[in-house]
Amino acid sequence: TDPRRIRNFCIIAHIDHGKSTLADRMLQITGVVDARQMRAQYLDRMDIERERGITIKSQAVRMPWVIRDGDRVGESAVLNMIDTPGHVDFTYEVSRSLAACEGAILLVDAAQGIEAQTLANLYLAMENDLHIIPVLNKIDLPAAQPEKYAEELATLIGCEPRDVLRVSGKTGDGVEHLLDEIVRQFQPPVGDADAPARAMIFDSVYDVYRGVVTYVRVIDGRIEARDRIKMMSTSASHDLLEIGVVSPEMEKAGALGVGEVGYLITGVKDVRQSRVGDTVTGNNRPAVEPLGGYKDPRPMVYSGLYPIDGSDYPALRDALDRLKLNDAALTYEPESSAALGFGFRCGFLGLLHLEIIRERLEREFNLDLISTSPNVVYQVITEEMEEYVVTNPSEFPVGKIAEIREPVVRATVLVPNDYVGAVMELCQSRRGQLLGMEYLSTERVELRYTLPLAEIIFDFFDQLKSRTKGYASLDYEPSGEQVSDLVKVDILLHGEPVDAFSAIVHKDKAYQYGTAIAAKLQKLIPRQQFEVPIQAAIGSRIIARETIRAIRKDVLAKCYGGDISRKRKLLEKQKEGKKRMKMVGRVEVPQEAFIAALSTT
Ligand code: GTP
């Protein structure tokens with residue numbers, strides 16, 4: 001295809017503003033999918049994705065379009081619509097999808113206005129120098145206020161309100177005009193057709209039947225169907241089994257040239273060998289410089305995953321092995337805990353990623369799991385100048401610490417101005433630093449904060465929602481690290497540390513954490529034959545204490561004189577309960593107590 005006829009674009013939108021519906025309508029109007037197939041396609045999507053209304057994996061679809069009016073009437077174009085994942089944890093994948101485009105449709109619900117995710121994605125698009133077409137969606141809704149929000153959008157991106165397009169993804173109203181504008185406003189791709197091939201990977205997906213399907217955008221040169229290709233980050237080379245375009249099914253092609261978007265299949269079985277952001281080149285005439293912007297996926301949040309039933313451990317390992325094939329960011333290694341038994345220390349991109357994996361393990365693999373409270377990755381430097389990367393509180397070095405660094409994020413919160421105070425209060429209590437505050441309109445405010453990631457993964461979103469009656473929206477992206485005054489708090493049961501409850505927290509919150517966990521365990525752990533202190537400690541310094549008083553565990557006392565079968569039953573029951581007991585030092589703790597204590601932290 002002549003690059004001058006190609007337009008590569010994506011749709012950026014806040015969740016529920018109607019991206020998928022608009023995309024489906026475009027497929028239908030361009031004739032790529034007919035109305036009957038529409039439903040089937042929709043059903044194809046993963047269960048969790050559909051239920052949660054989020055897009056986990058991105059894809060690209062090619063659509064033909066002929067301009068219908070104006071001075072370029074009759075011009076036929078090839079539109080490549082590249083889908084972007086919809087959640088903060090996948091910022092890097094979003095940025096690669098955007099980098100594969102020349103333009104972005106900024107889609108905003110005409111009854112809701114701009115939300116945090118709209119802004120965060122808009123900033124990313126602007127960093128990638130994309131041309132933006134602002135579009136109001138759902139104009140068929142009685143509650144739509146297109147005048148008001150066109151003004152808001154125009155102010156935001158610096159255009160006239162009349163340049164803001166209006167569509168309904170539901171009825172199809174305005175969608176043809178939008179397609180015309182895509183051809184008119186977005187630039188065609190430019191690249192050097194004679195240079196060695198360079199194509200950027202913006203997605204790779206594991207398919208049970210075909211192995212890994214890699215989605216690419218060709219920047220320079222040409223990839224031929226029978227080439228041997230090379231991944232520039234690893235220098236690994238592979239024979240191509242197939243290349244093609246998606247429209248909406250996979251269609252084989254002979255070659256992909258400058259500006260084209262398509263897929264390639266090499267037979268590799270693991271998405272780690274075909275990484276998002278990497279550059280694909282030809283093995284015979286390789287490019288010298290890879291395209292910019294490649295980053296290894298790096299887990300940001302760690303948590304221990306343990307089967308509630310210890311005999312499920314091998315099943316959990318197999319399930320993780322399976323999920324890994326389609327998830328380059330998931331990491332795990334075996335770990336054991338005195339409290340929880342054998343499990344895995346897993347690394348995730350963020351909290352949603354963790355929840356998705358956990359849910360898939362429970363649902364698709366029928367596992368009952370308990371997860372330890374998630375923690376971020378800390379950089380710890382001791383006074384001997386030794387550096388540690390701590391992904392688990394148990395790895396926290398003993399001895400004098402010179403410096404601890406923790407990851408921070410740049411957060412965007414959008415909120416009606418009545419709730420600005422509530423949001424500021426929350427952000428301050430979470431060690432946030434205000435970066436800026438802007439009025440998008442008379443009643444809506446954008447607040448930008450730097451916040452420690454550790455504070456965000458700890459029920460921040462729920463707090464934000466409840467303090468603003470659900471009106472606030474939040475988005476964030478990684479923004480480096482900061483030095484913080486952090487300490488490791490251990491929880492001791494009768495003098496023995498309980499590994500699953502150790503945590504790295506800010507010094508000012510150590511006491512609060514210690515007393516909360518100690519109080520909780522005090523309620524959950526049954527009395528023993530002797531007095532059991534529960535202590536929270538920083539190093540050897542005790543900061544909080546609760547006590548479980550001793551009892552004489554004479555279960556038969558109550559049955560004195562009663563009938564013998566009842567006595568026997570009681571004894572049986574007690575024996576059964578013992579099986580599920582864990583020993584922490586001399587203290588017997590039912591596993592349920594640990595699970596209950598963890599599931600509410
Ligand atoms: P993903 O993030 O990709 O899942 O898509 P999305 O969340 O941006 O939105 P989706 O297309 O799933 O639409 C969200 C809801 O808005 C659905 O209930 C749609 O039926 C509804 N919707 C989408 N477009 C329109 C529209 O133009 N008019 C009306 N009335 N409803 C719409």
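In this predicted model, the accessible surface of the chain amounts to about 27,700 Å², and carbon and sulfur atoms contribute 49% of that area. The charged side chains comprise 75 positive and 88 negative ones, with the centres of the two sets lying 7 Å apart. Beneath this surface, 53% of the 601 residues in the chain are buried.

Turning to overall form, the C-alpha atoms fill a box of roughly 100 × 60 × 60 Å along the principal axes. The radius of gyration is 28 Å, which agrees with the value near 25 Å for a compact globule of 601 residues. The secondary structure consists of 15 helices and 34 strands. Of the contacts with a separation of 6 or more, 69% link residues 24 or more positions apart.

The interior can be followed through its nonpolar cores. The largest of these has 48 residues, and Leu 361 and Tyr 378 are the ones with the most contacts inside it. Once residues up to four places away in sequence are set aside, Leu 361 touches a run of leucines, namely Leu 305, Leu 316, Leu 320, Leu 323, Leu 367 and Leu 369, together with Ala 319 and Asn 366. Another core, of 40 residues, lies apart from the largest one; Ala 110, Leu 122, Leu 124 and Tyr 263 are among its members.

Helix α4, spanning residues 91-99, offers a good example of a mostly covered element, with eight of its nine residues buried. The buried set holds Thr 91, Tyr 92, Glu 93, Val 94, Ser 95, Arg 96, Ser 97 and Leu 98, so nonpolar residues sit here beside Glu 93 and Arg 96, all with under 20% relative accessible area. The packing partners of these buried residues come from several parts of the chain: the strands β1 (6-13), β3 (76-82), β7 (198-207) and β27 (473-483), and the helix α5 (116-127).

Strand β4 covers residues 103-109 and includes Asp 109. With a relative accessibility of 4%, Asp 109 falls under the 20% limit and therefore counts as buried. Beyond its neighbours within four places in sequence, Asp 109 is in contact with Asp 16 and His 17, and also with Asn 137, Lys 138 and Leu 141.

Arg 166 belongs to strand β6, which runs over residues 165-166. In contrast to a buried position, Arg 166 is partly exposed, at 31% relative accessibility. Its contacts, again leaving aside neighbours within four places, are Leu 136, Ile 139, Pro 146, Glu 147, Ala 150, Asp 173 and Gly 174. Between Arg 166 and His 131, which are 35 residues apart along the chain, the C-alpha separation is 18 Å.

A further position worth a look is Leu 240, in the loop between β11 and β12. Although placed in a loop, Leu 240 has a relative accessible area of 9% and is buried. Residues touching Leu 240, apart from those up to four places away, include Ile 223, Glu 224, Ala 225, Asp 227 and Ile 229, as well as Leu 264, Ile 265 and Thr 266. Thr 155 is 85 residues from Leu 240 in sequence, and their C-alpha atoms are 48 Å apart in space.

The backbone also has some features that invite inspection. Most residues other than glycine have a negative phi, and most peptide bonds are trans. A cis peptide bond nevertheless joins Ser 247 and Pro 248, with omega about -15°. Pro 248 is located in the loop between β12 (242-246) and β13 (250-252).

Positive phi values occur at Ser 235, where phi is near 65°, and at His 494, where phi is about 50°; neither residue is a glycine. Ser 235 sits in the loop between β10 (228-231) and β11 (237-239), and His 494 in the loop between β28 (486-493) and β29 (496-497). Both are partly exposed, with a relative accessible area of 48% for Ser 235 and a relative accessibility of 26% for His 494.

Conventions
Residues are numbered from 1 along each chain as its sequence is written. This is a predicted model: local features need pLDDT of at least 70, side-chain atom pairs count only at pLDDT 80 or more; totals for chains, interfaces and linings use all residues. Side-chain values use heavy atoms; hydrogens and water are left out. Helices (H or I, at least four residues) and strands (E, at least two) are DSSP runs, numbered from the N terminus. The radius of gyration is taken over C-alpha atoms; the globule rule is 2.2 Å times the number of residues to the power 0.38. Buried means under 20% relative accessible area, exposed over 50%, partly exposed in between (1.4 Å probe, protein chains only). Contact means heavy atoms within 4.5 Å. Accessible areas come from the Shrake-Rupley method with a 1.4 Å probe; for residues, only the protein chains shown count as cover. Lys and Arg count as positive and Asp and Glu as negative; His and the chain ends are not counted. The place of a charge is taken as NZ of Lys, CZ of Arg, CG of Asp or CD of Glu. A nonpolar core is a set of buried Ala, Val, Leu, Ile, Met, Phe, Trp, Tyr and Cys residues joined through side-chain atoms within 4.5 Å.
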